[in-house]
Amino acid sequence: MNESEKIKNLKSNNIYSYDSPELLKFEKQMSRYFEREYKRWENNSNLPEDYGVSSFDGDIAKQETLNVSVDHYDEEYKVYRSFLDSDYMAYTMGYYGVTSDENPSHKITLEQAQIDKYKLIIERADIHDGQHILDLGCGFGGLSRYLLETFPTVNIVAINPSEIQTNHIRNELVGKENSFDDSRFKLIQSFFNTAESLDISQNSFDRIITVGLLEHITNIDLLQKNLSYMLKVGGKCFHHCIVSRDLIPQYLNAENTIMAQYYPGAHIWPYNEPKRHDNHLQLTDSWFVNGMNYWRTIDAWHKRFWISIDELYPKYLSIEEVDNWNKYFSLCKTMFNPNSGESYGNGHYLYEKVK
Ligand SMILES: C[S@@+](CC[C@H](N)C(=O)[O-])C[C@H]1O[C@@H](n2cnc3c(N)ncnc32)[C@H](O)[C@@H]1O
C-alpha cells in the first residue's frame, strides 16, 4: 500500500495501516493471547448458569444496551460502504470454504464469499421457491436481496431497528431493484421483542432466518417461543451466529471484555448453548463453521477500509474513530485465527416446528 500523506500522519499518531509491520506484530501478539485463553477453557464442561448467566431468563434482548449497539450500526454509511462487499453489504462472515480438513488457497473475492454463504444457508435451511420467509435482523438487506433474486416466487418480511440500514434498503433496493416489489417484500423497522407487538400473526412463515442476531439475544428461550409462534407447522428456523467452541466465561457478557466498547450487551455463546433450546422448536441439525472463514472476511474488510482511508479520513472519521475501527478489525480478526479457526467461529443451527 502506497503511503499517502494521510497514512503517514496517522502513523505519527501510532495508528498503523493494514499489513504494516507494526500492525502485523500487534496482531500476532493478540492471536497468541487468544490462543492461550482458548487453551485455558478447552473442554470446559460448565454451563453459563455456573457463571451467573442464563439464556433462559429475562427479556429477549436488553433494549437499553441494544440502543447503544444500534448507534454502532448507525455510524457513517460511507464507512460501511467502503469496506463491505459491494453487492449485498453483508455485515457477517463470508464463506471461503474453510473446514477443519480444507483451507482452500485459491482467491475467492469477498463478493463471492458472501454469495457462497447465502448458498450454504439456502442448502442447510432447505429454502426453495414459493416460501414465505422472515429475515430477522436483516442488516442492509443482503440475504433478502439474494433470495428475492434467486427465487422468483418467495415472499420476504425483513425486520431491523437500524435507521441507516433500513434507509439503505428503502433508498437503494426498494423501487430500484425489480425483485423488491411490494407484493414480495415488506420491511419493518423495529426491534424484535415479541411477534404480537409487531402484529405478526401465528403460523405466518415457512422459514425464519437470523444471521448475526443471536449475539444480541439475551433470552434465547423466549426468542424461540416467539419464532415457534410465527412459524407454520413443518416450518424451519435457521440461526447463524458467532460462537466459541468451548464455554469462555468472560465472553458470555461483552461487558466483561473490551468488546463492550463496540457491542455493549452482546453475548458470545458457546457452540452447545443454542442446542439446549430444543423446547419450543425441535433442533434437527447443527454445524460448527471454521473461524478462518470469518478471519478472511474481516481481513478483506480491513484491507478495503485502508484502501479507502484517503476518502474517509478526516471527512467522515476523526483520528480517534480511525484508531477505533483499526483496532476493531485487528481485535476481531485475531479472535478467529488461533488453532486454525477451530476454537472460535460460527454456529449454524436448524430447528423445525413439529407441532
Ligand atoms: C451483525 S448484524 C447482521 C446483519 C445481517 N443479517 C447481515 O448478515 O449482514 C446484526 C443485525 O441484527 C439487528 N438486530 C439486533 N438486535 C435486533 C432485534 N432485537 N430485533 C431486530 N434486529 C436486531 C441489527 O440492527 C443488525 O442489523
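In this predicted model, Pro-161 is partly exposed, with a relative accessible area of 24%. Pro-161 sits in the loop that joins strand β2 (155-159) to helix α7 (163-173). The C-alpha atoms of Pro-161 and Gly-137 are 7.9 Å apart in space, although 24 residues separate the two in sequence.

Helix α7 follows that loop. The N-terminal end of α7 is capped by Ser-162, with a side-chain oxygen placed 3.5 Å from the backbone nitrogen of Ile-164. Buried positions in α7 are Ile-164, Gln-165, Thr-166, His-168, Ile-169 and Leu-173. An α-helix has 3.6 residues a turn, so residues three or four places apart point the same way. Just after α7, Gly-175 adopts a positive phi of about 90 degrees.

The ligand is surrounded by 18 residues, of which Tyr-91, Thr-92, Gly-137, Asn-160 and Gln-165 come nearest. Gln-165 is also among the buried residues of α7. The shell around the ligand is made up of 10 nonpolar and eight polar residues, with no charged residue. Several polar contacts to the ligand were computed. A polar atom in the side chain of Asn-160 is 2.7 Å from a ligand oxygen atom. Backbone atoms also take part: an N or O atom of Gly-139 lies 3.3 Å from an oxygen atom of the ligand, and an N or O atom of the Val-211 backbone lies 2.8 Å from a nitrogen atom of the ligand. The ligand taken alone exposes 590 Å², and the protein buries 95% of that area.

A second proline, Pro-104, occupies the loop between helices α4 (77-83) and α5 (110-124). With a relative accessible area of 13%, Pro-104 is buried, whereas Pro-161, at 24%, is partly exposed. The cut-off behind this assignment is 20% relative accessible area, under which a residue counts as buried. Leaving aside residues up to four places away in sequence, Pro-104 touches Tyr-96, Gly-97, Val-98 and Arg-296. Pro-104 and Thr-194 are 90 residues apart in sequence, and their C-alpha atoms are 42 Å apart in space.

Thr-334 belongs to helix α11, which spans residues 319-336. Its relative accessibility is 1%, and Thr-334 therefore counts as buried. Two backbone oxygens lie within reach of polar contact with the Thr-334 side chain. The backbone oxygen of Ser-330 is at 2.9 Å from the side chain of Thr-334, and the backbone oxygen of Leu-331 is at 3.1 Å from a polar atom of that side chain. Beyond residues up to four places away in sequence, Thr-334 is in contact with Glu-27, Met-30, Ser-31 and Phe-34.

The cysteines were examined for disulfides, and the count comes to zero. A disulfide is a covalent bond between the sulfur atoms of two cysteines. The criterion applied is a pair of cysteine sulfur atoms within 2.5 Å. For Cys-241, the closest cysteine sulfur is that of Cys-237, and because the separation is 11 Å, the pair is too far apart for a bond. For Cys-332, the closest cysteine sulfur is that of Cys-241, at 15 Å, which is likewise too far for a bond. Both residues are covered by protein: Cys-241 is buried with a relative accessible area of 0%, and Cys-332 is buried with a relative accessible area of 10%.

Technical notes:
Residues numbered from 1 in each chain as written. Predicted model: local features only at pLDDT ≥ 70, side-chain atom pairs only at ≥ 80, totals over all residues. Heavy atoms only, no water. Near = heavy atom within 4 Å. Polar contact = N/O pair within 3.5 Å; in protein donor to acceptor, adjacent residues only side chain to side chain. Areas by Shrake-Rupley, 256 points an atom, 1.4 Å probe, with all protein chains shown as cover. Nonpolar A, V, L, I, M, F, W, Y, C, P; charged D, E, K, R; others polar. Helix = DSSP H or I, 4+ residues; strand = E, 2+ residues; numbered from the N terminus. Buried < 20%, exposed > 50% of the residue type's maximum accessible area, 1.4 Å probe, protein only. Contact = heavy atoms within 4.5 Å.
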